Each structure stands twice: as C-alpha cells, then as structure tokens.
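The following note sets out several points on the model for a colleague's consideration. Each point is confined to one region or one kind of feature.

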Amino acid sequence: MLPKKDKTMAADLTSGSVPHFYRDIYDILCPDQQTQLDQDMFIKLLMKSSLPKETLTRIWELVDCHHGYLTRSGVYKALALIAVSQQGKPVNDVVLQNFGCQELPRPSLGDLSDLKALSVRLRREKNPTRLSMSYREVCSRDIIKVTLIPKKKGLILKHVEYEVSSQRFNSVVQRRYNDFVVLHEMLLHRFPYRMIPQLPPKKLVKTDAHFIEERRKALKRFLTLVVRHPNISEDPLIHFFLTFLGRELDPLDTPTQSRLARDLMKHVHSSVSKLRDAADSIKEQTLEGAVDMLTFGRELSWLADMANTDSEWSSGGNETWNHLKKGFKSLHPMFPPISNALAEHSKQEDEDVVEKLNLFLDLLSAYKELHDRYDNSINKMKRKSSSDLSAPQEGEQQERRKHFALHCISMETQLVHCYMNIVGEMLHSLIELETIKHYKIYELWKNMHPMVENMNSADVVEERLGSASPTGNKSPYFPSK
C-alpha cells in the first residue's frame, strides 16, 4: 500500500504502491522540497523514455492539469504510464487499476546523472540570475581522479605524467604538467570574469617524492573545481582535455603547420579578391544595362511625342517617320521592365555574390592581422629575452604564451576552413542568378519582336522576307524558337 504521506500526493493513482525509484526521480526533478514540476522539465523526462511521439502525447494528455506544471501525484502517474507503455500495454487510466496492491512498475529512463544535469540546466535557464544549485548538485557534475604514472626505466629525459579520469565522460587520459599549464592559460583567456583556480608551481630544481605528491593533489583540486563549475565545465575545451588521447595539447610541428596555413590563406585571399572584383564588375555591368534601358525607353518616348513638323516637301510623301513614331509609342513602355529586371538582378548579384565574397575577405583579412599580431608578439618576446636576464620562469611563461597563441591560431584556421564553403554558395548563386537574368531578359526582348516587325514599312518587310534563309525562318534577325 501507499505510505501515508504518498496516499494524499498520489490520490489519482487508484491502485499500486509507489516504489522508491519514483521518489528518487521526483527528488531529482524537484529538489529543495519543491512541490511542482516545470512543464519543460517534464517534457524532457518523457523524451528520455524513447517512446513514440504518439504515446508520449497520450501520456501528456492523461496527466496534464493545464496549469503549466505537474504535482508529485502527476509525476508518479506519468512514470507508471511510461513503464506500462514500455511493457507494450495500452496507455489509459484503466491499466493502472490492474496492479491492485502491487508495486507500480519501474520505467527505463537511462542514466539518471544526465537527468540531474538536465534539471540543473533548465532551472538555471528559467532564472539566469540564480545559481539554483546545491552543493550536492555541484559535486555530482563530475568526479576527477589524478594518479601519478610510474616512471619508465631507461629513459634519459624523465617527465612526470599523470593519469586523469573523469566519471562524467567515462574517460581516462594521460597528461603532463605542461598540459595543465596550457589548459590554465586558455581558461584565463576564455573566462576572464570567472574563478580560475591557481596551478601549483613548477619546481625547476630537482624534485622529490613529497613535492610530486603535493603537486598531484593540487592538480586534482584545480581540475575538480574547473569541471564542477556550472559555466566552465560546459566549454568544449574541458571535454577536449578530459577525452583527447593525444600526448600533448600542442603538437611539436605547430609552428610549421601555422606557416603552411598562413601561406595557403594568403593565396586564397588573393584569388578571392579577384573573384570579388570580377563579381563586382558583373554587378556594375548589369546596373549600367538597367540605366541604358531606361535611356533607350526615354528617348523612344521623346521621339514618339515629337511634334509632327515634316511636310510633303521634306518627306516626299514617305510615311516611314509617322509609322515609326507609332511604333515608338507602343514600344517605349517595354524598356522600363527590362531596366527594372536588370536593376533587381544587380541588387541580388550584390547581396548573394559580391557580399558573400566580401564577408569571406573580411574574415581572411582578420586572419592575416591575427598572424601579424602573433609575429609582433614573438618579436617583442625575443627582444625582451635578449635584453633582460630574468629568471628562468619568465622564459617558461613566454613559451606557454606562445603555445597558447598557436593553439588559438589553429582554432581560427579551422574556423576559416569552415567559412570556405561560402565560395561554393557564391558560385551556386551566381550561376542561378545569371541563368534567371538572361532567361527573363530574353523573354522581355522576345515580346518586342511583333512590335518591331509592325514598325517596319512594307518595302522593308518585303526586302527582309526576300532575304530569309532557306530553312524557312521568316526573320533572320528574330529566328523562331
């Protein structure tokens, strides 16, 4: 039977006793003695059951009280309905009555730790000004172990290595002290207004077992605070540090790779600049064509509206001019649509072709400036090192900064490669726009053919018909389609 306190809370469960699993789920979803479960959180719970959408909709209809939240009673009923549905039974109120005094079935919801993290994240999203996390929840984000790896015999250069394990990612990686230093530098740059714990110092003289053990403990404390931080722990850098199986975060050939990437981007920048200039020229030619078409139509309109001042003396009875004026009057309205079409296409060529290339060029220029700043920084370090005989720690700090800078350049280079697809998008837009433009303009020009034919005097028409090609085309200038 239901415990006394649960009978009231789960009054709509007509039969069956509530298992502890249900209460555990509710405590995860509604910590700190909350009495209501947020609707968004409940939907996430339903999704974890992996049931079909239709079934989830049915469960939602059976437990939804139309308040925007669920009580403990509603959550228990939903868990029971999920369980019976996973057993292949129909989802309705009657199916729960069959359990009598038996314990209600336990649904399969996957890893509960994921549900805990989800609950915390949703509560923080609802109120970003509140941390909405208890100490228990903070500690449950991850459990870190840092173990000293025994030194291998026969090696001249002996580096202290650590085995780092993460419960959250179910991972085990090997790291050196310098890897922690690189991580520390990156976190300081990425999170300037967050608490970044200090690293233990690197002892330059001969180290003893006590120093190594104390440093191991300090590294574990550093990493524990980092992976449990609500914001920092979600950064991809943490996932990379705890899962990447490489020996070091910065490969030895990074400077060489950086120079090769820089040369590649230099050539890409040059070619894309020429593509942009060519695309800009195409756009300008289209716009100039639009202006020319307006001029053409305007002048034909002016000719059509000219006063009829010719006489028998000047024309000798030839009606060509009057006939042409009538044609001009009917023809000049056909040119503004061509002008408008060309103007619109010029605008689209600018937005879909020229501006895409300009965007990519801005990124490439920023990439070049990044390398220039890096070069200036390295030169300053070299000048300072040659003029200042400071402690060895200063040299190591400069080397760490150099490694961090090269890592950032590597990430920025990868970002540029992501943007390279914009060139393909530009080509697709260019080909599509030019195809549409030429077809549309062709249709507009073709509509003028009958008008132009009617404008010509009878003798001109006869002359043209006489010179028609043997293929049967009546107009050598306007071949039939």
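1. Leu-51 is a suitable place to begin: with a relative accessibility of 14%, Leu-51 counts as buried, because the cut-off for that class is under 20%. Leu-51 sits in the loop between α3 (39-47) and α4. Leaving aside residues up to four places away in sequence, Leu-51 touches Leu-56, Ile-59, Ile-82, Ser-85 and Gln-86. As for Ile-82, 31 residues separate it from Leu-51 in sequence, while the C-alpha to C-alpha separation in space is 8.0 Å. The reader should bear in mind that this is a predicted model.

2. Thr-55 belongs to helix α4 (residues 53-63). At 18% relative accessibility, Thr-55 also falls in the buried class. The contacts of Thr-55, not counting residues up to four places away in sequence, are with Ser-85 and Val-91. Ser-85 is likewise among the residues touched by Leu-51.

3. As to the overall architecture, the secondary structure of the protein comes to 18 helices and 5 strands. Of its 481 residues, 38% count as buried. Among contacts with a separation of 6 or more, 69% are between residues 24 or more positions apart. The protein exposes about 29,400 Å², and carbon and sulfur atoms supply 56% of that area.

4. Which residues of α2 are buried? They are Phe-21, Tyr-22, Arg-23, Ile-25, Tyr-26, Ile-28 and Leu-29. Because 7 of the 10 residues of helix α2 (residues 20-29) are buried, this helix is largely enclosed by the rest of the structure.

5. Ser-339 is placed in helix α14. Ser-339 is buried, its relative accessible area being 2%. Setting aside residues up to four places away in sequence, Ser-339 touches Ala-290, Val-291, Met-293 and Leu-294.

6. The structure holds 19 salt bridges. One of them joins the side chains of Asp-235 and Arg-190, at 2.7 Å from N to O. Asp-235 lies in the loop between α9 (209-227) and α10 (236-243), and Arg-190 in helix α8 (residues 177-190), so this pair ties together parts that are 45 residues apart in sequence. Asp-235 is buried at 13% relative accessibility, whereas Arg-190 is partly exposed at 38%.

7. Where do the partners of the salt bridge between Glu-349 and Lys-437 lie? The two side chains meet at 3.1 Å, N to O. Glu-349 lies in helix α14 and Lys-437 in helix α16 (residues 421-446), so the pair ties together parts that are 88 residues apart in sequence. Both Glu-349 and Lys-437 are buried.

8. A salt bridge within one helix is formed by Lys-217 and Glu-214, whose closest N and O atoms are 3.7 Å apart. The two residues are 3 residues apart in helix α9, so about one helical turn separates them. An α-helix has 3.6 residues a turn, so residues three or four places apart point the same way. Lys-217 is partly exposed, at 35% relative accessibility, and Glu-214 is partly exposed at 35%.

9. Salt bridges also link Arg-262, Lys-368, Asp-372 and Asp-375 in a network. Side chains of opposite charge can pair when their charged atoms come close.

10. On the surface, Glu-344, Glu-351, Glu-355 and Asp-362 form a negative patch. Glu-344 lies in helix α14 (residues 335-387). Its relative accessible area is 42%, so Glu-344 is classed as partly exposed. Helix α14 also contains Glu-349, one partner of a salt bridge, and the buried Ser-339.

11. A nonpolar surface patch consists of Leu-359, Leu-415 and Tyr-419, which together have about 260 Å² of accessible area. Leu-415 is located in helix α15 (residues 392-419). With a relative accessible area of 35%, Leu-415 is partly exposed.

Notes: Residues numbered from 1 in each chain as written. Predicted model: local features only at pLDDT ≥ 70, side-chain atom pairs only at ≥ 80, totals over all residues. Heavy atoms only, no water. Patch = residues over 30% accessible without salt bridge, like charges linked within 9 Å, V, L, I, M, F, W, Y side chains within 5 Å. Areas by Shrake-Rupley, 256 points an atom, 1.4 Å probe, with all protein chains shown as cover. Salt bridge = Lys/Arg side-chain N within 4 Å of Asp/Glu carboxyl O. Lys, Arg positive; Asp, Glu negative; His and termini not counted. Charge placed at Lys NZ, Arg CZ, Asp CG, Glu CD. Helix = DSSP H or I, 4+ residues; strand = E, 2+ residues; numbered from the N terminus. Buried < 20%, exposed > 50% of the residue type's maximum accessible area, 1.4 Å probe, protein only. Contact = heavy atoms within 4.5 Å.
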